[in-house]
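I opened this notebook to follow how two parts of one chain meet. My entries below go from the area of the meeting to the residues and strands behind it.

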Amino acid sequence: MKHAQTYQLTVNEMNEFLEQLSKKYDIYAPVRISCGGRYAKDDSIIYQPINTYQEIEFHERSTYPLKEVLTPITQTLFYFTEDEFKESKSPQKDVLIFGRACDINSIKIQDQIYLQNGGIEDYFYKRIRDKIKFILMDCPEQFEGCFCCSVGANKTDMQSLAVSDNNGSAYVGIYDSDFNNYFAKYSAVDHEIQTPLENELKVDYPVIDNLDLANKLKEHPMWKEFDARCIGCGSCTVSCSTCTCFETTDIVYTQNAHIGERRRTCSSCMVDGFDKVAGGQSFRKKTSEKYRYKILHKVYGYNARFHTGPMCVGCGRCSARCPELISYPATLNKLSQAIKEIKGGVQHD
Amino acid sequence: MTNNPVKPTACKLLDIMPQTQTEWTFRVKNNLPIKHGQFMQLSLPKVGEAPISISGFGDGYVDFTIRKVGKVTDGLFSLKKGDNIFIRGCYGNGWPTEQFKNKTVVIIAGGTGVSPVKSLVNMLCEHSNYARNIYLILGFKNSHSILFADELKKWQTASHFHVIYTLDDENYPGFKKGLVTDFIKEIPFASFDNEYECIIVGPPIMMKFVGMGLLMNKVPEKKIWMSFERKMSCGIGKCGHCRIDETYVCLDGPVFNYTIGKKLID
Amino acid sequence: MVEDCNIKKLRNNCFRQSKVPGEFMLQLRVPGALIDAKWLDVIKHVCQTWGDGTFHLGMRQTLNAPRIKAKDIPAVNEYIQPYLQAVECDMCDVKMQTKDGYPYIAPRNIMACIGGIHCIKGNVYTQRLAQKLEKLIYPNPYHIKISVSGCPNDCGKGHFQDFGIIGCTKPIYTIDRCIGCGACVRKCESAATRVLSLNDKNKVEKDPCCCVGCGECVTACPTGAWRRPAKDFYKIILGGRTGKQYPRMGKMFANWLTEESVLSIMKNWPKFSEWVLGGKPIYIHGGHLIDRAGYQRFKDFMLDGVNLNPEAMIAENINWAETEYRSNIHVKPLDKHLSVK
Ligand SMILES: Cc1cc2nc3c(=O)[nH]c(=O)nc-3n(C[C@H](O)[C@H](O)[C@H](O)COP(=O)(O)OP(=O)(O)OC[C@H]3O[C@@H](n4cnc5c(N)ncnc54)[C@H](O)[C@@H]3O)c2cc1C
Ligand code: SF4
Ligand code: SF4
Ligand code: SF4
Ligand code: SF4
Ligand code: SF4
Ligand code: FES
């Protein structure tokens, strides 16, 4: 990590700082939604615009990922009439997002798809991406199932600022000189904001280095159990920091049938219909096939195309959200085992 | 920023040419350069978008042959000449036409699968010295589902064309009864001097069996080309629907050589 | 010689007569059915010291010690005093004397399923409401059976109580979080009342009239588009009972009540009972009191002074369907009618 000047601010000073920032930036951070969770009285934590420091949830992993700021679950692309498509409004202000190391790294993967794949830049992604600066949140308490260190997503240098919550005050590290002038009135303190160095959970992330091996793995019996276990709900991919898939839908306003919107909506390879083509045929009918497709995208397909490592930052959200308690790291272990078997020539019928 | 790859452009619908009850060809004004075998995203505001193969093109127009199967396609069928269709594209790699130069080309297509090769077949028909001989096996379900009847006649009479038209389960003048796979054995591969290429297009199951049929006739895998159809939403490698492992059908296909296509396991 | 026992008095003290003369079974109340596990030592000690060493799990979630000799009852009452203090007075804030054991048996133990503290289906913390209800109905000479269930699965069998209180939710839909996957629609169809559908915008439409308030849609949703509001809702199923004469399943008396509304309705129960029985408490099941008064007068009493929340719905009429073990069991000479005049 680049070395930074660090300052210590009280909550009130942080709020002043955020207020000043809000003239230029829309600021997003993980925010606790009371009773927003799946089960009674459980909260959820979602990325939302914030005004004050106290709104930021520092001490629990967000339920849903940072990507929602860039690619909201439902996004209007165009407004149309019978004979014209007009792009939806661009964000006016610049954007500042609070995120942890894994969250910020996940945007590199989002960039890969939305800006690089096929050499085509997605207009709607780019127009917000260009305006974004990140504020790194440290992870003094890690959360159950975090394994960022196993996939190298524990370090980042994409942040402009870093913030560490310190019970009633905050350390702020400056990595981007654009922000220096906000701190002229404070004197620097000797404190370095750290990202995680080690996780309790260590995952030996499997490597699949060729398509033939990937294709052999598709035949492996390891996937079978998921027919009975996975319900194909898509919770894992919706909450995944690095999944990118979407659907496009047109809607008409009920009041005026001549105008409407073309929308982009988050989609998931785990959900029925994702691969359905004319005639009702689909290519992966069983949940074991869908789950296998998802896992192999994370482990194989993405890296085989871009050669930048797994499509995963080890944030642990997929497992945390799975209502059927399917552990992604446990699947990765089974996959490693299956790879060993195939390389060792074990036959399955 | 003005370059928005998913923003469609309004284009005039020049003509509608019904082929069957549920398959019509739509001729749309267009001046963009096109390669045989590419597709475009057609859209109707309020209804949505659909990827459709280019079944023909010429000076100032592009043809789409569309089967009425659902929301968007139903919407397209309700248009009249002079209405606007919104299009974006072209997308996809198209057929490797350079490879076909001075070779015999074997084309086996079924049903709507004929439309992604139609413009290529027309080109090969009009330019009789581009390739050598053309062997064409086209199959349809029954007499009501025959597409491009006019072209079929034209191709039949072209001197460098050898055609077999089939219907799955009906006796009908000009057509043999049976599946396209039944007639692969009538193609004299041995006489082609190794200077040939094969094209397969149709429903996945048909492509699978035709592929097997060709291999049984000792056609080398690398001489076989096929066009894939997968669910597509964006056409530009973003939405993820068409992906198979590291391959995006919209970007890297829809045309694949058999050596690659056989490994594309969903 | 048969020991002289005032069985009515002992019953009121929560010792129930055994077929063996002079023996009784203690029933410890567990309002809401959740207590510190350390109290199991208390019932165990009672069973082993004064009983025959067996323990019975009460049908209404009481902790029962069979075969206690009448002569030992004072010692038992002294021994269980800390339990009564902790569970009734401290946990439920009930105001009562604890030195002579339980003062009344008539308000039966308030049952509850485990509910929202554990159950993936639960909407509410059942214990919390049960404990608040205990304070309203106990100690009191008037009989009543209540259960609290965490969701409309009604594992507390509220349909066979005088008052079956069922925890519900009125899910909130955030349209922009919906991906149109239809999981909630399918779940509502397979597990609940089939009130959801996907519209042409690929978003969810709800027919709010028949939503049972189960929250299955929330649990099924992968995106958090459906969520439970912080405010709990309840329905009350009224007048269910088992019995030898005319058992029946309860019917819905109220829907979409807030906790506050539930409590202020239930607070009226003793007043209503007192009126029906002319101030002379006898051991008679609560449901019969409703029958004697008639639903309309019951309703007036129960809603007296209640400030219902705006969402609340109350049954205008209730038509119970009884199993009459003897046909025309209600047809009898006028002077045998029990209705309050
Ligand atoms: C590269 C490519 C070329 C194609 N070329 C042609 C063509 O030349 N002529 C033709 O008639 N059809 C073609 N199709 C299929 C055509 O895109 C679908 O029939 C069309 O999208 C259906 O849209 P709809 O709104 O009318 O149907 P819907 O109401 O959306 O659904 C009807 C059925 O079509 C399926 N479907 C929806 N979207 C797609 C999609 N993008 N791709 C495949 N299936 C889909 C649905 O899952 C459903 O089973 C092509 C598809 C691809 C991917
Ligand atoms: S696959 Fe799981 S651990 Fe990896 S980025 Fe997605 S949600 Fe996080
Ligand atoms: S895992 Fe599935 S939802 Fe996620 S990016 Fe890959 S294909 Fe899309
Ligand atoms: S793995 Fe779990 S979260 Fe993902 S689709 Fe299956 S059941 Fe749902
Ligand atoms: S709460 Fe239950 S009944 Fe109501 S909409 Fe949700 S699933 Fe259906
Ligand atoms: S389950 Fe959630 S995301 Fe799916 S259709 Fe219902 S509300 Fe929408
Ligand atoms: S169609 Fe969207 S990625 Fe290929």
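**Where the two domains of chain B meet**

I looked up the buried area first: domain 1 of chain B and domain 2 of chain B bury about 1,600 Å² between them, 57% of it on carbon and sulfur atoms, where buried area is the accessible area (1.4 Å probe) that two parts lose on being put together, summed over both. In domain 1 of chain B, I noted that His36(B), Phe39(B) and Ser55(B) lose the most area to domain 2 of chain B, together 30% of what that side buries.

I kept in mind that this is a predicted model, in which local features need pLDDT of at least 70 and side-chain atom pairs count only at pLDDT 80 or more, while totals for chains, interfaces and linings use all residues. Residues are numbered from 1 along each chain as its sequence is written, chains are lettered from A and ligands numbered from 1 in the order in which they are written, and side-chain values use heavy atoms, with hydrogens and water left out.

For the bounds I took the domain assignment (automatic or from a database), which gives domain 1 (9-91) and domain 2 (97-261) in chain B. Their C-alpha centres lie 22 Å apart, and the contact (heavy atoms within 4.5 Å) takes 20 residues from domain 1 of chain B and 21 residues from domain 2 of chain B.

I then searched this interface for salt bridges (a side-chain nitrogen of Lys or Arg within 4 Å of a carboxyl oxygen of Asp or Glu), and the rule finds zero.
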